[in-house]
Every structure is written in structure tokens, then in C-alpha cells.
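Got the viewer open? Set it to cartoon view, keep the selection box handy, and follow along.

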Amino acid sequence: GVAILGGFAGTETSAAQRNPNTNPTILSGEIQQDGIVTNNSNSIFNNANLNATAVLDGFTLMGGYAPGNGGAMFNADAAMTVRNCRFIGNTAQNIGGAVFNLRSNATFTNCIFQVNSANNGGAVFNSESSPTFLHCSFVDNLASLGGQTSWNQTNSLSTLQNCIVWG
């Protein structure tokens, strides 16, 4: 039942007045500002046991680094709602450059996944998960072994509706 909202300028009187495109709220893993990826924060968001009433809306998550899985977001047993978010330039040494879903059925709406990288699942890696992507863009993500956009493993099935995948 908790919503975390970005996109405020500070003059709004209601959440409906916010604009994430005009007023980006950036959550950066580049905590030392030195350009070295391997010392960035490990997964900007770690989510466990959340249902669809948990909402993340209007953020840019960038520069996250995971020596394992999920550079920007690691979801375990979570079915939360992610809307109007941008995942840019996140890295995982193993799987899920931007997002790693483990037994998670999250819904991503109007999100952009751009220039994320991992060995498998450059943008997203799913294990025992069935996430839904609605009106999302996957741009220039990189996976050295496979799945530049999304990699599904072990009882996983991603649903993409009205999405754009390029590069």
C-alpha cells in the first residue's frame, strides 16, 4: 500500500501535478562520482515480499552495479508496480543488468531500459517469474552471453505489450 513517487518540482499541491519528464528524480548508484562502475552501490532497490499495491513511479535509476544480480533492482517474491521509470546505465556482473526478478511477477508500465548490461539479460533477467511490460522501451542493452532485452529461465514467461525493442 505504499507508493514512492518522483517528478516533483516542489510547488505542487497534489501528486497529479508532478511531471517526471520535466522534473526528473534520479536515484544514482554512482555514489563516489569517480566513474568507476565496480564501486557503485549494489542494487539501488532491493524488494522482497511486495504486492501490486507497492508502487515505484517517476524515477530514473542509473549507475547501479551488482557484483551478482540486478544492477538497479533486485525483486524477490515481489509483484509490485513500477511506472514511468527509466533504468539507464546499470550493470550486473552476472544476470539482470537493470532488473533481476526471482519468483516475482512485477508489472512495468511506461518504463525505459537503456544501455544496461550483464552476462545474461542485459536489461532484465527472470527466474521463476512472469513480469509484465506495458508500453516499455528497451534500447541498446547488452548481454555478453544472451538476452539483450530479457532472459527467461526456469518457469518464467515475460509478457511484453506495445513495447519497442531496438539496438
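Here is a short walk through a predicted model, going from strands to core to loops.

**Stop 1: the open sheet.** Start by colouring β3, β7, β11, β15 and β19. These five strands line up in that order as an open sheet, and their pairing is parallel. Now pick out the edges: β3 (45–48) and β19 (150–153) each pair on one side only. Look along the sheet and you can check the twist, since neighbouring strands here are turned by 10 degrees against each other on average, direction ignored. As a reminder of what holds such an arrangement together, strands of a sheet pair through backbone hydrogen bonds, either parallel or antiparallel.

**Stop 2: zoom in on one edge.** Select residues 124–127, which form β15, together with β19. Four bridges link the two, in the parallel sense. Show the side chains of Phe-125 and Trp-151: Phe-125 stands opposite Trp-151, which sits in β19.

**Stop 3: another run of parallel pairs.** Next, select residues 25–28 (β2) and 59–62 (β5). These strands run parallel and are joined by four bridges. For a landmark, find Ile-26, which stands opposite Thr-60 of β5. Then add residues 86–88, strand β9: β5 runs parallel to β9 as well, with three bridges between them. Here the facing residues to click are Met-62 and, in β9, Ile-88.

**Stop 4: into the core.** Which residues touch the most other members of the largest nonpolar core? Select Met-73, Val-82, Phe-87, Val-99, Phe-108, Cys-111 and Phe-113; those are the ones, out of 23 residues in that core. Now centre on Phe-108 and show what surrounds it. Leaving aside neighbours within four places in sequence, the contacts of Phe-108 include Met-73, Val-82, Phe-87, Val-99 and Phe-113. Asn-75, Asn-101 and Thr-132 are also among them, as are Pro-131, Phe-133, Leu-134 and Cys-136.

**Stop 5: two asparagines with unusual backbones.** Most residues other than glycine have a negative phi. Select Asn-110 and you'll find a positive one, near 55 degrees. Asn-110 lies in the loop between β12 (107–109) and β13 (112–114), and it is partly exposed, with a relative accessible area of 39%.

Finish at Asn-155, another non-glycine residue with a positive phi, about 55 degrees. Look for Asn-155 in the loop between β19 and β20 (159–161). Is Asn-155 buried or exposed? Switch on the surface: Asn-155 is exposed, at 72% relative accessible area.

How values were computed. Residues numbered from 1 in each chain as written. Predicted model: local features only at pLDDT ≥ 70, side-chain atom pairs only at ≥ 80, totals over all residues. Heavy atoms only, no water. Pairing = 2+ DSSP bridges. Axes fitted to C-alpha atoms, helices over the stretch in contact; angles between N-to-C directions. Buried < 20%, exposed > 50% of the residue type's maximum accessible area, 1.4 Å probe, protein only. Core = buried A, V, L, I, M, F, W, Y, C linked by side-chain atoms within 4.5 Å. Contact = heavy atoms within 4.5 Å.
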